[in-house]
Amino acid sequence: MTDLRITLEHDPDDQGCALPFADGAVAGRPYRFLLDTGAATTTMAADEYTAGLPAVSARDSHGAFCAMGETLVTVADVAVGPLWADSLEVAVTDAARPDAPCLLGMDVIGRYCCHFRFAAGVVEVGGQAPGSASALYTGSRGHAYLDVGWREAPGVSASANWDSGAGITIVHQEFWRQHSELFTGIGTAEGTDASGRRAETPLVLMTGPVIGGRPFLPHKAAVVDLSAANATVDRPMDLILGYPTWSQADWLFDFPARRWALTS
């Protein structure tokens with residue numbers, strides 16, 4: 001295994017939210033990437049390098065709050081530590097969003113077995129999941145899904161996308177309405193989705209869930225209507241597991257073998 005050093009950057013307006021970043025390079029040029037398992041495709045900033053590349057196609061994508069158009073180009077030699085692709089079709093952010101981060105998506109991350117040890121500031125890349133690991137469902141776009149339950153509500157189960165690129169855990173508005181006993185309102189906050197759109201969302205304290213047979217502490221989540229995003233995926237999401245969830249454990253995902261385990 002080879003270590004990829006990561007840095008957790010906390011939201012200056014909310015220290016309870018954070019995202020993992022790592023340094024890398026594309027065609028020998030330095031870039032800083034957000035490790036984003038919630039992104040199917042790697043995204044790069046609109047800059048002098050990407051502006052000089054011919055567009056190979058365009059497509060519509062969807063953030064938590066709205067749809068967005070993307071231009072795709074082909075880049076060479078994408079390397080973020082041991083995560084590597086010799087040639088990759090990537091989306092380019094709108095030039096009107098110069099501060100948008102580069103996102104390393106599942107088109108690269110999904111090629112590897114990754115042990116996310118956020119508290120240690122490292123992702124161990126390589127090896128394979130242990131024999132005790134559980135089966136992992138991955139959607140058609142490479143997203144990893146886990147089943148989430150609650151001891152307080154034995155009959156309730158949620159389909160959750162494990163998203164290292166989510167600074168906060170998200171609850172689908174409809175799931176929140178159907179299972180309000182699991183959530184306590186704690187205010188509102190303004191959030192930003194992958195398109196750069198900002199919106200005011202309710203904040204809730206979610207009753208501690210059970211994931212992989214292990215209880216987690218209660219933690220903060222934002223309530224968002226995921227109906228439009230769910231219409232674009234083959235397994236609808238009740239939850240998106242962001243920093244308040246994934247920061248509570250170490251997670252091993254053998255994406256090629258579709259196996260996963262909690263390791264601490």
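How many aromatic pairs does the structure hold? This predicted model has 17 of them, and a couple show up in the views below.

**View 1. Tyr31 and Phe33 make a tilted ring pair.** The two ring centres sit 6.4 Å apart. Their planes meet at 50°, so this pair goes down as tilted. Both Tyr31 and Phe33 are buried. Phe33 turns up again in the next view, as one of the residues that Thr42 touches.

**View 2. Thr42 is a buried loop residue.** Look for Thr42 in the loop that links β4 (29-35) to β5 (43-44). Thr42 has a relative accessibility of 1%, so it counts as buried, the cut-off being under 20%. Its side chain has a polar contact of 2.8 Å with the side chain of Asp107. Leaving out residues up to four places away in sequence, Thr42 touches Phe33, Leu88, Val90 and Ala91, and also Leu103, Leu104, Gly105, Asp107 and Val108.

**View 3. Cysteines, but 0 disulfides.** A disulfide is a covalent bond between the sulfur atoms of two cysteines. Cys102 is in no disulfide, and the nearest cysteine sulfur, on Cys114, is 19 Å off. That is no match for the 2.5 Å cut-off, within which two sulfur atoms must lie. Cys102 is buried, with a relative accessible area of 5%. Cys17 has a relative accessibility of 10%, so Cys17 counts as buried too.

**View 4. Strand β23 (residues 251-254) is covered on both faces.** In a regular strand, side chains alternate between the two faces of the sheet. Here Trp251 and Phe253 are on one side, Leu252 and Asp254 are on the other, and all four are buried. β23 pairs with strand β10 (residues 113-117) in the antiparallel sense, over 4 bridges. Within that pairing, Phe253 is the bridge partner of Cys114, the cysteine met in View 3 as the one with the sulfur nearest to Cys102.

**View 5. β23 and β24 form a hairpin.** Strand β24 (residues 259-262) runs antiparallel to β23, and 4 bridges join the two. One bridge partnership to pick out is Leu252 with Ala261. There are 4 residues between the strands, and Arg258 in the turn has a positive phi of about 55°.

**View 6. Ring pairs build an aromatic cluster.** Trp251 and Phe253, on one side of β23, are both members of this cluster. The other residues linked by ring pairs are Phe116, Phe118, Trp162, Phe216, Tyr243, Trp246, Phe255 and Trp260.

Note on methods:
Residues are numbered from 1 along each chain as its sequence is written. This is a predicted model: local features need pLDDT of at least 70, side-chain atom pairs count only at pLDDT 80 or more; totals for chains, interfaces and linings use all residues. Side-chain values use heavy atoms; hydrogens and water are left out. Buried means under 20% relative accessible area, exposed over 50%, partly exposed in between (1.4 Å probe, protein chains only). A polar contact is a pair of N or O atoms within 3.5 Å; within protein, one must be able to donate a hydrogen and the other to accept it, and residues adjacent in sequence count only if both atoms are side-chain atoms. Contact means heavy atoms within 4.5 Å. Rings of Phe, Tyr and Trp (its six-membered ring) pair if their centres lie within 6.5 Å; planes under 30 degrees apart count as stacked, over 60 as edge-to-face and the rest as tilted. Two strands pair if DSSP finds at least two bridges between them.
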